[in-house]
Structures are given as C-alpha cells and as structure tokens.
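Colleague: Could we go through this model together? I should like to begin with the empty space inside the protein and then turn to the side chains.

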Amino acid sequence: MSNKLLVKNAKQVVLICHNGEKFLTKDGMQKLCVIENSSLVIGSDGLIKDIGPASTIDFQYAGVSFDKVIDATGMCVIPGLVDAHTHPVWAGDRVHEFALKLAGATYMDVHRAGGGIHFTVEHTRAALASTLLASLIGRLGRMQRAGTTLVECKSGYGLELQTELKMLEVIETARRTLPINISSTYCGAHAVPKGKTVAEATTDILKVQLPRLSERMLAGALRVDNIDVFCEQGVFDLSSTRSILQAGLDMGLNINFHGDELHPMNSAQLGAELGALAISHLEEVTDEGIAAMATAKTAAILLPTTAYILRLPQPRARDMLEAGVIVALGSDFNPNAYCCSMPVVMHLACVNMRMSMPEALAAATINAAYALGRSHTHGSLEVNKHGDLLVLNAPRWEHLIYQLGGHQELIRYVVIRGNVVYNNDKTMDF
C-alpha cells in the first residue's frame with residue numbers, strides 16, 4: 001500500500017511539540033520545536049508516519065511509492081492553523097454598522113437599536129438552509145486558503161429551536177462533506193430574543209432547545225461538540241449562564257463560552273468552577289479570574305480582531321501568559337468582525353497584545369486545538385497525529401506573521417489528512 005504524501009527537503013519543519021504535550025504555557029510557548037532540513041511522511045490513513053532529517057527519510061523510504069511528493073526545498077512546513085472561535089453561518093451582512101462604529105457607536109449602542117446580533121437573527125431566520133450552506137462553504141474555503149485546517153463553528157443567530165437546528169444542520173453538512181475539520185458549537189444563548197426576558201429565554205433553552213438537540217445527537221443526525229453562552233450585562237447573567245452551561249455539560253458537551261468581554265462578570269471564575277474547556281474574549285477579566293483559569297487548565301481564547309474593530313481594551317495576554325494560562329487564538333469571524341485569516345489574527349496578537357511570534361503560533365495551533373478538545377489529534381506535527389499542514393514559500397516560518405496580509409502569496413500548499421486541498425500555484429511576472 002502506498003503512502004499518501006512525502007514533503008521533502010524543507011528548510012524548516014515546525015513541529016510545535018515533540019513529546020505529546022496537549023498544550024503549552026509560559027516558557028514552552030517561547031521554545032517551539034523546529035527542525036532544519038527535514039522531510040515528513042503521511043500514510044494512506046492520513047496520519048503522520050515519520051518526520052526527520054531529509055537524508056534519513058530519503059534512505060528509509062527509498063523505493064516506497066507516494067501518491068504525491070512535494071519538494072519543499074527552501075520552504076517551511078508548519079501545522080495547519082486552528083481557529084478556535086467563529087460564527088460563520090448567517091445571512092445579511094452588517095457593513096452599514098461598521099460605519100456607525102467608526103462614527104463612535106459602541107457595540108451595545110448598536111445592539112440596543114435593534115442592530116448587531118438581532119439584525120443578523122432576523123435575516124438568518126428568513127434564509128433557506130441551502131443559502132446558508134452556500135455562504136458557509138465560501139467562508140470556510142477562504143479560511144482554508146488562509147491556512148486554517150480546523151475551525152470551531154457556532155450557531156447562535158436563531159435564538160429559537162428551528163433556526164438553531166437549521167444552523168447546526170448546515171454546520172453538520174459542511175463537516176461531512178468538506179475537507180476542513182470542524183468543531184460544532186451550540187450557541188442558542190447568544191442573545192436574549194426580542195420580546196423575552198432572560199428567565200424566559202433560559203427556560204426555552206433548558207426545556208425546549210437542549211432536549212431536542214439531545215434527541216438529534218442521540219439519533220446520530222447531529223454531532224455537536226461544545227456549548228456556548230454570551231455571559232454579559234444585558235444578555236445572560238451569571239446564574240442563567242451557569243444553568244445553561246451545566247445542562248450542556250450534562251449532555252456531554254464541552255463548555256466553551258463568551259465571558260468577561262464588555263464588563264467583569266466573574267465569567268472566568270464560573271468557567272473554572274464548572275471545568276470549562278475554554279472561555280473566549282476576556283477583555284475585562286480580573287486577576288482572580290486569570291488565576292482561576294490557570295489552576296483549572298481552562299484555555300483563554302483571545303480574539304484580537306474584536307478588540308481592534310470595536311476599539312476595546314486589548315485582552316491581557318501578557319498577564320495570562322505569565323500566570324500560566326493556556327492562551328489560544330481565534331478570528332471571531334462574524335458579521336461584526338469579518339476576518340477569515342488566522343495569520344492576520346496572529347499578527348494582531350503580536351502587535352496589539354504583545355505576544356511573541358512563537359507564542360502566537362502556539363496559540364493558533366496546539367493551544368487552539370486544546371481549547372476544542374482536539375489537541376491529541378491536531379495542533380502539532382507529531383507521529384500518529386492528523387497530517388494537517390501548511391507549506392510556506394518563505395525561508396523562515398515567522399514570515400507568515402511578519403508579512404501582514406501576505407499569506408495569500410506565502411502559503412504554497414494547504415494539506416489536510418495528507419490531501420492537498422489548496423495548491424497556490426501563483427507565478428508572478430514582473
């Protein structure tokens with residue numbers, strides 16, 4: 001039986017980890033495992049079989065057949081990027097709201113005026129599943145071309161049973177038919193529906209939405225991995241958040257929720273107490289919240305695009321890193337923060353949140369995979385992990401972060417489970 005792929009003669013191969021670590025913190029994020037002049041073998045099952053010096057791999061695999069060989073001479077290989085927080089299923093863009101924000105309107109100003117999430121809910125409820133699927137496929141394709149090979153996808157623009165299920169079914173169709181790896185999140189508590197109180201919305205989720213979702217999951221019609229709540233003033237308070245997250249946990253879902261974004265809600269402490277896998281945003285997290293997350297090994301998914309677009313205080317990445325928190329990154333792709341590119345996210349993390357380039361890459365690979373419960377299979381280039389990788393047309397891997405917006409030329413190949421899903425064969429004529 002032939003092997004699927006040989007990537008040979010790479011100038012650098014960035015393994016990230018080499019001892020089976022499920023996440024990296026502090027010094028570990030600064031000292032990524034990088035090997036020079038190396039080759040990598042992916043087997044017919046899509047898993048990594050061997051990584052080592054090019055001369056050794058050449059000798060060991062002499063006479064062995066491969067479905068494809070990539071000569072990476074002068075290039076770098078890194079793991080496929082992991083986007084740990086996105087909202088990619090929706091109808092009706094909000095480009096008009098961007099103008100309002102630029103003129104000084106806050107996120108909650110727009111929200112209270114019937115815009116924001118409520119605007120998108122109205123359009124998403126009215127959209128056909130086929131329309132939502134077509135737009136999702138296009139958005140995931142853009143993410144994939146920018147190097148994302150594992151992406152978290154949320155529902156949350158339905159806020160009632162039928163539309164939430166419609167969104168999750170669209171995500172499920174994409175998961176079953178596209179090469180990109182998907183982690184699916186139920187986010188029915190993304191906002192309080194118009195005409196309902198927090199208590200009424202919480203009861204609807206607990207008594208109507210989650211029981212039906214559980215039925216669909218047990219029947220094998222849907223695979224959902226995570227549960228999310230927007231814990232915020234004027235949205236879901238700490239008590240409602242606790243009850244919804246606990247109900248999801250009881251269903252076997254991982255807790256991965258929005259917390260401490262606009263106000264210090266003590267979301268971080270709640271998440272740590274419940275054993276949350278991850279909490280996103282955290283622009284307003286307290287010192288106590290940071291300490292609780294570090295102890296509980298709850299990942300912090302930081303979203304530099306959101307703070308940048310909304311002109312919010314930046315998440316306290318340095319304080320979290322120094323406290324030993326598992327720091328991950330996400331694009332927060334949504335109609336309010338339209339960014340498909342994890343290389344741009346890493347660049348913003350370095351400039352605005354003062355992360356180093358190795359820290360940013362670890363946060364967008366192994367730690368983002370950990371935040372999705374997938375770091376045993378994704379997030380690093382190690383034997384028996386999924387053969388998901390990028391080949392960069394650059395002499396050092398750091399160019400992917402250094403060259404703001406340069407990923408369209410730098411990413412030569414995107415590979416998922418040993419299959420080349422993007423071949424960027426651009427020849428420039430001058």
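Colleague: How do the residues of the lining of the largest cavity divide into nonpolar, polar and charged?

Modeller: Please keep in mind that this is a predicted model. The lining of the largest cavity divides into five nonpolar, seven polar and three charged residues.

Colleague: Which residues lie nearest the centre of that cavity?

Modeller: Nearest the centre of the largest cavity are Tyr-107, His-190, Asp-332, Asn-334 and Asn-336. They belong to a lining of 15 residues, and the space enclosed is about 130 Å³.

Colleague: How many cavities of 30 Å³ or more are there?

Modeller: The count comes to three. The second largest has a volume of about 50 Å³. Its lining includes Pro-79, Gly-80, Val-82 and Thr-149, and also takes in Thr-377, His-378, Gly-379, Ser-380, His-386 and Asp-388.

Colleague: And how does that second lining look by class?

Modeller: The lining of the second largest cavity has two nonpolar, seven polar and one charged residues.

Colleague: How is such empty space found at all?

Modeller: A probe the size of a water molecule is rolled over the atoms, and this shows where empty space is left.

Colleague: Let us move to the pockets. How much space lies in the largest one?

Modeller: The largest pocket holds about 290 Å³ of space. It is lined by 15 residues, and the closest to its centre are Phe-98, Ile-309, Pro-335, Asn-336 and Tyr-338. Two or more lining residues come from each of the helices α3 (95-102) and α12 (304-310).

Colleague: Which element gives the most to that lining?

Modeller: Helix α3 does, with four residues. By class, the lining of the largest pocket has nine nonpolar, two polar and four charged residues.

Colleague: You named Asn-336 for the cavity as well. Where exactly does Asn-336 appear?

Modeller: Asn-336 is among the residues nearest the centre of the largest cavity, and it is also among those closest to the centre of the largest pocket.

Colleague: New topic: aromatic rings. How many aromatic pairs does the structure hold?

Modeller: There are five aromatic pairs. One of them joins Tyr-61 and Phe-66, with 6.1 Å from centre to centre and 45 degrees between the planes, a tilted arrangement.

Colleague: Are Tyr-61 and Phe-66 buried or exposed?

Modeller: Tyr-61 is buried, and Phe-66 is buried too.

Colleague: Which rings are linked into a cluster?

Modeller: Trp-90, Phe-333 and Tyr-338 are linked by ring pairs. Tyr-338 also appeared earlier, among the residues closest to the centre of the largest pocket.

Colleague: What lies over the face of Trp-90?

Modeller: Arg-139 does, at 3.6 Å from the ring centre. There is another example at Tyr-413: the charged end of Arg-412 sits over that ring, 4.5 Å from its centre.

Colleague: Now the charges. How many salt bridges does the structure hold?

Modeller: It holds 18 salt bridges. In one of them, Glu-152 meets Lys-154, and the closest N and O atoms are 2.6 Å apart. Asp-228 joins these two residues in a network of salt bridges.

Colleague: Why do Glu-152 and Lys-154 count as buried?

Modeller: The cut-off for buried is under 20% relative accessible area. Glu-152 has 0%, so it counts as buried, and Lys-154 has 1%, so it is buried as well.

Colleague: What about Glu-172, which forms a salt bridge with Arg-176? Where do the two residues lie?

Modeller: Both lie in helix α7 (residues 161-177), four residues apart, which is about one turn of the helix. Their closest N and O atoms are 2.6 Å apart. Glu-172 counts as buried because its relative accessibility is 4%, whereas Arg-176 counts as exposed because its value is 53%.

Colleague: And Asp-45 with Lys-49: how far apart are N and O there?

Modeller: The distance is 2.9 Å, N to O. Asp-45 is partly exposed at 36% relative accessible area, and Lys-49 is partly exposed at 32%.

Colleague: One last residue: where does Tyr-422 lie?

Modeller: Tyr-422 lies in strand β16 (residues 419-423). At 17% relative accessibility, Tyr-422 counts as buried. Leu-390 is 32 residues away from Tyr-422 in sequence, and their C-alpha atoms are 9.5 Å apart in space.

Definitions and conventions:
Residues numbered from 1 in each chain as written. Predicted model: local features only at pLDDT ≥ 70, side-chain atom pairs only at ≥ 80, totals over all residues. Heavy atoms only, no water. Phe/Tyr/Trp six-rings, centres within 6.5 Å; stacked < 30°, edge-to-face > 60°. Buried < 20%, exposed > 50% of the residue type's maximum accessible area, 1.4 Å probe, protein only. Lys NZ or Arg CZ within 6 Å of the ring centre and 35° of its normal. 1 Å grid on protein atoms, 1.4 Å probe; cavity = no way out; pocket = protein on both sides within 12 Å on 5 of 7 lines; lining within 4 Å. Points joined across faces, edges and corners; volume = space filled by probe spheres on them. Nonpolar A, V, L, I, M, F, W, Y, C, P; charged D, E, K, R; others polar. Salt bridge = Lys/Arg side-chain N within 4 Å of Asp/Glu carboxyl O.
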